[in-house]
Amino acid sequence: MAGTELSGTTALVTGATRGFGRSIAVALHDAGADVVAVARNAEQLGRLRADLGGSLTIVAADAADPVVAGSLVERHRPKTLVLNAGAPPLMRPLQHQTWQTFSRNWEVDVQQAFHWIREALLLPLAPQSTVISMSSGAALFGSPLSGGYAGAKAAIRFMSGYAADESSRAGLDIRFVSVLPKLTPTTELGAMAVAAYAQRDGIAVDEAVRRLGPALGPEEVGKHIAGLASSTDHAPGAYLLTPDGLSLLP
């Protein structure tokens, strides 16, 4: 695979302390990037930095705050920007949601993606930079027990596509990509979702896991995202991510 060297470049990851975000930060660090990890929990950020030997810039802040997005994009000017921050949805059927619980992922996941994508275009980031927005397989298949989660993740995919068009129209040469990981029980959020659907279907969690097939691990996700960031073979667009790898969606 043709690629570019990440060593000596800056990679900024939002939602970097848990699940996919943590593994992505670790994989980018292992690929040689100078990683800026952004998350709300300062203690978890400190543990991540300690695990990586201290060679990490950590920022305890709300990724959905537009001031945070603007100031950090301007300060660090990352070559790789991974937008992973998000809120865990309330796992209940539609009629047991309130508007506040239903819209939570719009207020957090979509809002953070919007602010950072906007800032990447406005600054703009340097040519050949890559902005990777973490969507979800739920954007394709739905997620009836998680309120507005699936719609929020679909909106992130659309925004990434819109940004790719704007980058092309303005001749910015910034690559915008969205990644839609398949549901997996290997993260805290995924395990919570699998348990909720198992209960709804009246089956054991182990049976629900078996029906899902091979599980996508956070470490695999991290390696795929680092490979995507360093590759010149991957076109802008949306990619489904399964244990078999990345597949460009039509």
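Q128 is exposed, with a relative accessible area of 52%. This is a predicted model, and Q128 sits in the loop between α5 and β5. Its backbone is a bit unusual to look at: phi is positive, about 70 degrees, although Q128 is not a glycine.

R77 makes a good companion case. R77 is also a residue other than glycine with a positive phi, here near 45 degrees. You'll find R77 in the loop between α3 (66-76) and β4 (80-83), and R77 is exposed, with a relative accessible area of 51%.

Here are the two side by side:

| Residue | Phi | Relative accessible area |
|---|---|---|
| R77 | near 45 degrees | 51% |
| Q128 | about 70 degrees | 52% |

Back to the loop between α5 and β5 (130-134), where P124 is also placed. The peptide bond joining L123 and P124 is cis, with omega about -15 degrees.

Now for the helix that leads into that loop. How do the axes of α5 and α7 cross? Helix α5 (residues 104-122) and helix α7 (residues 149-169) have axes that come within 9 Å and cross at roughly 10 degrees. Angles under 35 degrees count as roughly parallel, so α5 is roughly parallel to α7.

On the α5 side, the contact includes W106, V110, F114, I117 and L121, while the α7 side includes Y149, I156, M159 and A163. Charged residues take part too, among them D109 from α5, and K153 and E166 from α7. By class, the contact of α5 with α7 has 12 nonpolar, four polar and three charged residues.

Notes:
Residues numbered from 1 in each chain as written. Predicted model: local features only at pLDDT ≥ 70, side-chain atom pairs only at ≥ 80, totals over all residues. Heavy atoms only, no water. Axes fitted to C-alpha atoms, helices over the stretch in contact; angles between N-to-C directions. Helix = DSSP H or I, 4+ residues; strand = E, 2+ residues; numbered from the N terminus. Parallel < 35°, antiparallel > 145°, perpendicular 65-115°, else oblique. Contact = heavy atoms within 4.5 Å. Buried < 20%, exposed > 50% of the residue type's maximum accessible area, 1.4 Å probe, protein only.
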